[in-house]
Structure formats: C-alpha cells, structure tokens
Amino acid sequence: MTKHTVLLPNSDESLLLRELNHRIKNELTSAIYTVSAKAMHSDNVAVKAALLDVVDLLHQCADVHRAQRMPDQGRLTDAAKYLQQLCLSITRYRLNRLAIRFLFSTDDLRLEGTRCWTLGLIVSELLTNAARHAQFDAGDPELRVELKLAGSVVKCRVSDNGAAPETIRRGRGLAIVGELATRLGGRIHTSCAADGCSFLLTFPLTEAEQRAAGAAHAGLKQRKMGRPQRLQASRAESLGGWLGSVALFGSKRPGLA
C-alpha cells in the first residue's frame, strides 16, 4: 500500500482561511446588493440592463467561490461530484461568455477532504489559465477535464484545442499549481503543440483512499454522458438540477428579460 502524508492546515492557518473566505463572501454580497439597488433606482433602460448584467456576473463569481469551499476533512469526499460542480460554476462564470465548449468525464473517486480541495484548486487554475491564454484561431474552442483512476494513481488531465503562445512562460499561477501538486505527492506534466495544450496531474492515493476505491467496486465504471449538453441555466435554477450531467457544453448566457 502506498503511504502518503497529508499536510493539513494548522489551527491558525485554518482560522485565517475561514476568515478570508468569510470576507470574500461578504464583499461579494455587498457588491451584489449595491449594484442591484442602483439598477432598481435607474430610469434608463439601457443602464438598468447593464447593471443587472453585472449583478448576474457577480452571482456567478460567488457561485465559483462557493464551489471552491474546502470539504469536510473528517471524511472522504466524492471528488467526481465536487469537481463537476466546480467546473459547472466556472463554465457559467467564465467559459460561457467566451463561447468555449467544455467537456467533463470522470471515474468514481473518493479523496480526503483537503486533498479533494487541493485538486479543485489545481483544476480551477488550469481552466482559467487555458481560457485566458489559449489561442483559439480556428474551429470551435474546447476545454476538457478528465479524471481517471489507474490502479492507485489518480490522473487528472486539463486540455484545450487552441494553439499555444509562441513563448510559454511559467507564471505565478502555474508555479502555484506545481506547489499544490507537490502537496498531493504528485507532479504536473505539460505538453503543448499546434493543436492544443495538455496538463496532466498525477498523484498517488492514500491508504484510506485506496480502501475506499477497492470497496466501491472492482471495475470502476466511468460516468459519461452520451452527448454534451448546452448550458442555458438562469440564476434561478439550482445547481442540484445539473449534477446528473457529466459532459458540459459552454454557450452564451441568455439575455436579460
């Protein structure tokens, strides 16, 4: 069995993290209320529509922040469901506006809370990095996340079909991703070509995670959806209604009524 030491935040770090998350949530809520009030008091139809568009964007940003919460450290977390909800919120917030198609496939996988959270941070950063820097010059832009279990090793790939910039520099975001991968006991493999870039994260399961994987079923079934779905969700719709979808298709957000 593979032994792996999980670095948990100490009490001071955990307290500071909770306080930071609390502050961000409150600031986003305050901004939403402020802009909403301005929209309600405006007599200009164009201004009202523009302000409500900002409110919608702030709600989507808050959804991403909520989806990146740290799971319960005292039990194993459904990593597939956690990543799916996180990727859906990122699709709504960022990829839809860029008309980037998004596909997601995963194996059944349970991870310790802090490690699942770390995996989510890595995927979020890689998706954001790809959306910002990939050069989608031809064809339909596409991003893909694949989470697979190979024996006792987790393989998570984030890829795109855009051309890589002529000069690729390792910025602060990718440096952080590398450090987070080290925290998982793993590493990041990068491959870029004319037809797209791929970032492959590999890391070993802990003993507890291996026991959970073995107890789930001997042959893990990959959860896939037959055809990608076009996202047309409004703010009123619950995230829960989308959790049955595993393949996600980014589209432009519906206009304001």
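Is Asp160 buried or exposed? Asp160 is buried, with a relative accessible area of 10%, which is under the 20% cut-off. Keep in mind that this is a predicted model.

Let's stay with that residue for a moment. Asp160 is found in strand S5, which spans residues 153–160. Its contacts, leaving aside residues up to four places away in sequence, are Ala130, Ala134, Phe136, Glu142, Leu143, Asp195, Gly196 and Cys197. One of these, Asp195, is 35 residues away along the chain, yet the C-alpha atoms of Asp160 and Asp195 are separated by 8.3 Å.

**The cysteines**

Cys197, another contact of Asp160, brings us to the disulfide. A search of the whole structure turns up 1 disulfide, and it joins Cys192 to Cys197 with an S to S distance of 2.3 Å. The link of Cys192 and Cys197 is right-handed, with 120° about the S-S bond. How do these and two further cysteines fare for accessibility? Here are the values.

| Residue | Relative accessible area | Class |
|---|---|---|
| Cys192 | 33% | partly exposed |
| Cys197 | 9% | buried |
| Cys61 | 23% | partly exposed |
| Cys87 | 1% | buried |

Cys87 is in no disulfide, and the nearest cysteine sulfur, that of Cys156, is 8.0 Å away.

**The nonpolar cores**

Which residues touch the most other members of the largest nonpolar core? Leu119, Val123, Leu127 and Val145 do, out of the 42 residues in that core. The elements giving two or more residues to this core are helices H2 (45–67), H3 (79–95), H4 (113–133) and H5 (172–183), along with strands S2, S4, S5 (153–160) and S7 (196–204). H4 gives the most, with 9 residues. As background, nonpolar side chains tend to be buried together in soluble globular proteins.

Take Val123 as an example: not counting residues up to four places away in sequence, Val123 touches Leu83, Cys87, Val145, Cys156 and Val158. So what lies apart from the largest core? Another core, of 6 residues, does, and among them are Leu28, Ile32, Val55 and Ala62.

**Ser124 in helix H4**

Next up is Ser124, which lies in helix H4. Ser124 counts as buried, at 9% relative accessibility. Setting aside residues up to four places away in sequence, Ser124 touches Gln68, Leu86 and Ile90. The C-alpha atoms of Ser124 and Leu83 are separated by 9.2 Å, with their positions 41 residues apart along the chain.

**Strand S2 and its partner**

Why can strand S2 be called largely enclosed by the rest of the structure? Because 6 of the 7 residues of S2 (residues 101–107) are buried. S2 pairs with strand S4 (residues 142–150) in the parallel sense, over 6 bridges. Within that pairing, Leu103 stands opposite Arg144 in S4. S2 and S4 also both appear among the elements that give two or more residues to the largest core.

**Rings and charges**

Finally, the aromatics. How many aromatic pairs does a search of the whole structure find? The count is 0. There is a charge over a ring, though: Arg97 lies over the face of Tyr93, at 5.4 Å from the ring centre.

How values were computed
Residues are numbered from 1 along each chain as its sequence is written. This is a predicted model: local features need pLDDT of at least 70, side-chain atom pairs count only at pLDDT 80 or more; totals for chains, interfaces and linings use all residues. Side-chain values use heavy atoms; hydrogens and water are left out. Rings of Phe, Tyr and Trp (its six-membered ring) pair if their centres lie within 6.5 Å; planes under 30 degrees apart count as stacked, over 60 as edge-to-face and the rest as tilted. A charge sits over a ring if NZ of Lys or CZ of Arg is within 6 Å of the ring centre and within 35 degrees of the ring normal. Buried means under 20% relative accessible area, exposed over 50%, partly exposed in between (1.4 Å probe, protein chains only). Helices (H or I, at least four residues) and strands (E, at least two) are DSSP runs, numbered from the N terminus. Two strands pair if DSSP finds at least two bridges between them. A disulfide is a pair of cysteine sulfur atoms within 2.5 Å. A nonpolar core is a set of buried Ala, Val, Leu, Ile, Met, Phe, Trp, Tyr and Cys residues joined through side-chain atoms within 4.5 Å. Contact means heavy atoms within 4.5 Å.
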